[in-house]
Amino acid sequence: MQQERLFESKKPTVEKAIWLHFPIICLILFLNSLWFEVSYVIITNIEIIPGKTVVKHLGMVQGNTVRAKHVGRDIMAGFKNIFGGELKGYTELLQEAREESVARMTQQAEAIGANAVINVRFSTSSITAGAAELFAYGTAVILE
Amino acid sequence: MANLIIFLVLLVLGYIFGQMAERRHFKSIIDREQQYKHILCFNEHTLPVHTPIPEVALVAGNVVISIDYFKRIAAGLNNIFGGRVRAYESLIERARREAILRMKQEAEQLGGQAIFNVKLETASIYKGRGQQIGSVEVYAYGTTLINKV
């Protein structure tokens with residue numbers, strides 16, 4: 001009888017413990033996500049970063065992506081070529097592609113231990129008819 | 001005969017809708033330029049000596065604008081006689097101003113007051129028959145200064 005009672009009394013405490021830990025786990029996860037947001041790489045296209053001094057230059061980092069046109073978008077672009085106006089599909093496509101190339105550049109900078117990329121430049125070149133290469137490059141540095 | 005009719009219809013449609021689109025676009029550009037007048041753009045890469053140390057962020061804006069059918073034909077005719085190609089002038093001006101405005105918009109969202117080292121890049125995206133430029137992309141980017149409060 002006693003053992004049974006003990007068992008019964010233990011059961012809710014285990015559940016309680018889980019419920020007590022749940023918010024703590026949530027808090028840890030939340031703090032973790034904050035930590036990842038905090039550790040970012042500063043990107044500028046000027047030579048200096050105000051208020052900070054460059055400790056070490058780590059050389060050039062680069063990121064590129066080649067994108068081709070979407071058939072549906074191409075047809076819409078064909079229509080727009082008659083009426084004129086903005087090609088929103090292409091604008092978005094190119095913007096996404098540039099973000100991708102910047103992300104790749106940032107990844108490379110992080111991999112070699114930089115915490116900033118300065119003097120960033122963008123360049124575009126059309127490889128073949130229908131595909132464009134978007135290229136971003138800059139100097140990876142360590143700031144104090 | 002059918003080809004000629006299609007050609008003329010496209011010409012008229014291009015003229016009407018193209019003019020409408022251009023006028024509307026210029027109007028909105030002028031309005032928004034007034035709205036973002038307080039964000040200054042510079043193409044120098046040296047910063048002035050600030051008393052508060054600002055934060056920096058890369059901002060960018062891009063736009064792809066297409067030319068209408070009528071203007072493309074007009075530009076084609078212009079290619080024979082030479083001289084100013086007004087059709088493309090207005091297209092590229094619109095694209096540049098729009099790209100700069102989008103960059104300013106992004107800067108305002110981040111709370112920036114000025115943009116330094118503004119670079120503009122132009123690329124022709126779509127080339128039709130005979131390598132005539134169909135649409136142009138302008139990409140504007142720069143570094144915005146955000147004053148920490």
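Let me begin in chain A, where Asn119(A) is found in strand β4. Please bear in mind that the model before you is predicted. Asn119(A) has a positive phi of about 55°, although it is not a glycine. As general background, most residues other than glycine have a negative phi. How buried or exposed is Asn119(A)? It has 16 C-beta neighbours inside 10 Å, and therefore counts as partly exposed.

Chain B offers a similar entry. Asn117(B), placed in strand β3 of chain B, has a phi near 55°, again a positive value in a residue other than glycine. Asn117(B) counts as buried, because 21 C-beta neighbours lie inside 10 Å; the cut-off for that class is 20 or more.

I turn now to the sheet of chain A. It is an open sheet of 4 strands in the order β1-β4-β5-β2, and its pairing is mixed. Which strands stand at the edges? They are β1 (42-43) and β2 (54-68) of chain A; each has a single partner strand, so one side of each is left without a neighbour in the sheet. Helix α3 (residues 88-111) of chain A packs on this sheet and touches β1, β2, β4 (116-128) and β5 of chain A. The direction of that helix makes about 145° with the direction of β2(A). As for the pairing of β2(A) itself, 12 bridges join β2(A) to strand β5 (residues 131-143) of chain A, and the two run antiparallel. Within β5(A), Leu143(A) stands opposite Val54(A).

Next, the helices of chain B. Helix α3 of chain B covers residues 86-110, 25 residues in total, and reaches 37 Å from its first C-alpha to its last, close to the 36 Å expected at 1.5 Å a residue. Among the buried residues of α3(B) are Leu91(B), Arg94(B), Glu98(B), Leu101(B) and Lys104(B). After α3(B) comes Gly111(B), with a positive phi near 85°.

How do α1(B) and α3(B) pack? Their axes are 10 Å apart, at an angle of about 35°, and the crossing is left-handed. On the α1(B) side the contact is made by Glu22(B), His25(B), Phe26(B), Ile29(B), Arg32(B) and Glu33(B); on the α3(B) side, by Ser90(B), Arg94(B), Arg97(B), Glu98(B) and Leu101(B). These residues divide into 3 nonpolar, 2 polar and 6 charged. Arg94(B), Glu98(B) and Leu101(B), named a moment ago as buried, take part in this contact.

Finally, the interface between the chains. The contact takes 37 residues from chain B and 25 residues from chain A. On the side of chain B that touches chain A, the elements giving two or more residues are α1 (2-35), β2 (54-66), β3 (114-127) and β4 (133-147) of chain B. Which of them gives the most? That is β2(B), with 8 residues. This side of chain B divides into 20 nonpolar, 12 polar and 5 charged residues.

Strand pairing also joins the chains: strand β3 (residues 85-86) of chain A pairs with β2(B) in the antiparallel sense over 2 bridges, and Glu86(A) has Ile65(B) as its bridge partner.

I close with Tyr69(B), in helix α2 (residues 69-81) of chain B. Tyr69(B) counts as buried because it has 22 C-beta neighbours inside 10 Å. Setting aside residues up to four places away in sequence, Tyr69(B) touches Asn81(A) and Ile82(A), together with Leu10(B), Leu11(B) and Gly14(B). Tyr69(B) and Ile16(B) are 53 residues apart in sequence, and 10 Å apart in space, C-alpha to C-alpha.

Definitions and conventions. Residues numbered from 1 in each chain as written. Chains lettered and ligands numbered in written order. Predicted model: local features only at pLDDT ≥ 70, side-chain atom pairs only at ≥ 80, totals over all residues. Expected span 1.5 Å × (residues − 1). Buried ≥ 20, exposed ≤ 12 C-beta atoms within 10 Å, placed from the backbone. Contact = placed C-beta atoms within 7 Å. Nonpolar A, V, L, I, M, F, W, Y, C, P; charged D, E, K, R; others polar. Pairing = 2+ DSSP bridges. Axes fitted to C-alpha atoms, helices over the stretch in contact; angles between N-to-C directions. Left-handed = near helix turned anticlockwise from the far one by under 90°.
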